[in-house]
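User: Please take a close look at one part of this model, the second largest pocket, and describe its lining. I would also like to know how the neighbouring topics of record annotations and cysteines fit into the description.

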Amino acid sequence: MFTSTGSSGLYKAPLSKGLLIIPSTLSLLLALLFQHYQKFFTYNLQAVKEEFQVWRLVCGRTVCLDLKDTFCSSLLIYNFRIFERRYGSRKFSSFLLGSWMLSVLFDLLLVEAVEYSFGLTINSLPSGFLGPVFALFVPFYCSIPRVQVTQILGQFSITNKTLVYILGLQLLTSGSYIWIVALSGLISGMCYSSSVLKVYHVLCVPSGVARIFAWTLEPIFSSVEPSSEISVGMGATVDIQRQQRMELLDRQILMSQFAQMRHQRQQQGGMINWNRLFPPLRHRRNANYQDNHQTEHEVLPPAEVSEEQVARLMEMGFSRLDALEALRASNNDLNVATNFLLQH
C-alpha cells in the first residue's frame, strides 16, 4: 500500500532514492528540453548487433524515454525499497547489477527466438531501467507476506500487494515489445535468486566498491529518520482507511510493549515473552474476532529455531539474541520476524 509519504519513506534506502531521482530527472530533461539527444538513449538492438555500438546497452537501459514508463517504474522502485532496508544497500545493489547484466543476455536471446520463430524483425526495445524493476517482482512475490485488506463484491480480495501488481501490469502494457523486457527481467530475477545456480556469488558489488559509494554517495541520498508520529495513509475506501488505522494502532501497541519488556529484560536478565506481543495482530485481522474471546494463558514451549534463518537475520544487522527471539515468537516465519525487527 502507498502509505508512506515524504523523504522519510526512503529512510535507510539511499540507493532507491538515487534511482528515483537521477533517471527520472534525466527522463524529464530528455523529454522536455533535450529531445535531440534522445537518439543516444534508444535501446537499438540492430545498432548493437550490426554496428557494435555496445554503449547502447548501457545508455538504452538506464533512462526511460517514455514518461509513462518513468512514472510507473519510479512507483515500483519506491515500493521495492523494502528490499534495500531488509538486505542492505550492498546486497540490493548486487541484485540490481546482476539482474541488469543477465537481462541484457536474455533480451538478445528472446529477440533472436522471436525473429526465428515468427519472422518478426525487432530493431529496438523500450528504453529504461526496466529489466531490474521486473526482476524485483520475483523476491516481492516470494518473500513479502500477503495480507488481505478488503474485498470487492465479497469475492475479489484486495491485498497489500494488489496495487503493486496493477502497476506492473500497467507498465507491461505500455509498449508493443515491452513484454520481452519484462520476461527477461523475470527470468533474470529467478536466475539471480536461485540457490542452485548461485549467480549472486559471481555477479555482486565488491565490498571495496560498496564502501567507496557509502562514503561518497550515501550521505547525498540518505534520508532523515521518520518521526515517531506516523501519518495514517489515505486509502481508497473507508474499509482500507479503517484497516490502516487498525494496523497503525497495532504497531504502536507492539512498540510500547516491546520497549517496556526490553527494559525489563535489561534489568532482570530474562527473556522477552514474545507470545504476548503477536496475538493482538492475529486476532485483529480476523473478521470473526469477538471481544469476549478466551484469553490465551498457555505458554507454548519455544519452537526449534533454524540456524540458517538466524544467520540470515544476523547478516541484515540484527543481534543473535533478537533474531532468536523473533524467530521463536513468529514460529520460524522469517518474513514475520524480519518485518517486526525492522519496525523496532
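Analyst: In this predicted model, the lining of the second largest pocket is made up of 15 nonpolar, seven polar and six charged residues. The pocket itself holds about 980 Å³ of space. Its lining numbers 28 residues, and those closest to the centre are Tyr87, Lys91, Ser193, Tyr200 and Arg312. Six elements each give two or more residues to this lining: α5 (81–87), α6 (89–118), α8 (137–143), α10 (178–193), α15 (307–315) and α17 (334–342). Among these contributors, α6 gives the most, with five residues.

The UniProt record can be set beside this picture. Its unreviewed entry lists residues 15–34, 95–114, 120–142 and 163–187 under "transmembrane region". For two of these spans the model may be described further. Residues 95–114 are 100% helix and 0% strand, with their end C-alpha atoms 27 Å apart. Residues 120–142, by contrast, are 52% helix and 9% strand, and here the end C-alpha atoms lie 34 Å apart.

The cysteines form a separate topic. A search of the whole structure finds zero disulfides. Cys59 has a relative accessible area of 23% and is therefore partly exposed, because the partly exposed class lies between 20% and 50%. Cys204, with a relative accessible area of 29%, is likewise partly exposed.

Note on methods:
Residues numbered from 1 in each chain as written. Predicted model: local features only at pLDDT ≥ 70, side-chain atom pairs only at ≥ 80, totals over all residues. Heavy atoms only, no water. Disulfide = S-S within 2.5 Å. Buried < 20%, exposed > 50% of the residue type's maximum accessible area, 1.4 Å probe, protein only. 1 Å grid on protein atoms, 1.4 Å probe; cavity = no way out; pocket = protein on both sides within 12 Å on 5 of 7 lines; lining within 4 Å. Points joined across faces, edges and corners; volume = space filled by probe spheres on them. Helix = DSSP H or I, 4+ residues; strand = E, 2+ residues; numbered from the N terminus. Nonpolar A, V, L, I, M, F, W, Y, C, P; charged D, E, K, R; others polar. UniProt positions renumbered as here; feature names shortened; annotations may be inferred.
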